[in-house]
Amino acid sequence: MTNASIADWIRPWCPGGEDVAAGRFDGKPVHIGHIYPDCEDLLRVESSPREGSGWLDPSMPGTCQTCLYRHNNDDED
């Protein structure tokens, strides 16, 4: 899966998991978006990752930190 980006938004991405401590004041969990379908954090909660709709904004709470670190340190860019 090759990631495309427009203004730092990422497509494709995979939904998987929730973070109850992601900084929302209303107490609702934030759904996690993963940049990579082979992310270990994603595979712990989704055995068959699926593509999310729309674009993932990596600056928003709920972006997988493991994926974000990998994305920001990828030597291919």
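**View 1. Arg50 and the residues it touches.** In this predicted model, Arg50 makes contact with Trp13, Cys14 and Pro15, leaving out residues up to four places away in sequence. To find Arg50, look in the loop between helix H1 (40–45) and helix H2 (65–72). Arg50 and Pro12 are 38 residues apart in sequence, yet their C-alpha atoms are 9.7 Å apart in space. The side chain of Arg50 also meets that of Glu46 in a polar contact of 3.4 Å. Is Arg50 buried, exposed or partly exposed? With a relative accessible area of 45%, Arg50 is partly exposed, because this class covers values between 20% and 50%.

**View 2. His34 and its many contacts.** Next comes His34, which belongs to strand S4 (residues 30–34). Here the relative accessible area is 1%, so His34 is buried. Which residues surround His34, leaving aside neighbours within four places in sequence? From the earlier part of the chain, the contacts of His34 include Trp13, Cys14, Pro15 and Gly16. Also among them are Cys39, Asp41, Leu42, Leu56, Cys64 and Cys67. One detail to look for is a polar atom of the His34 side chain, which lies 2.8 Å from the backbone oxygen of Gly16.

**View 3. Cysteines without a disulfide.** How many disulfides does the model have? The count is zero. Start with Cys14, whose closest cysteine sulfur belongs to Cys67. The gap between these two sulfurs is 8.2 Å, which means they are too far apart for a bond. Now turn to Cys64: its nearest cysteine sulfur, again that of Cys67, is 3.7 Å away, and Cys64 is in no disulfide. Why does that pair not count? A disulfide needs the two sulfur atoms within 2.5 Å, so a distance of 3.7 Å does not qualify. Cys14 is buried, with a relative accessibility of 1%, and Cys64 is buried as well, at 5%.

**View 4. The largest nonpolar core.** This view brings together the 12 residues of the largest nonpolar core. Four of the members are cysteines, namely Cys14, Cys39, Cys64 and Cys67. Ile10, Ile32 and Ile35 belong to the core too, together with Leu42, Leu56 and Leu68. Trp13 and Tyr36 complete the set. For a closer look at one member, follow Leu68: beyond its neighbours within four places in sequence, Leu68 is in contact with Ile35, Pro58 and Thr63. Of these partners, Ile35 is itself listed in the core.

Note on methods:
Residues are numbered from 1 along each chain as its sequence is written. This is a predicted model: local features need pLDDT of at least 70, side-chain atom pairs count only at pLDDT 80 or more; totals for chains, interfaces and linings use all residues. Side-chain values use heavy atoms; hydrogens and water are left out. A nonpolar core is a set of buried Ala, Val, Leu, Ile, Met, Phe, Trp, Tyr and Cys residues joined through side-chain atoms within 4.5 Å. Buried means under 20% relative accessible area, exposed over 50%, partly exposed in between (1.4 Å probe, protein chains only). Contact means heavy atoms within 4.5 Å. Helices (H or I, at least four residues) and strands (E, at least two) are DSSP runs, numbered from the N terminus. A polar contact is a pair of N or O atoms within 3.5 Å; within protein, one must be able to donate a hydrogen and the other to accept it, and residues adjacent in sequence count only if both atoms are side-chain atoms.
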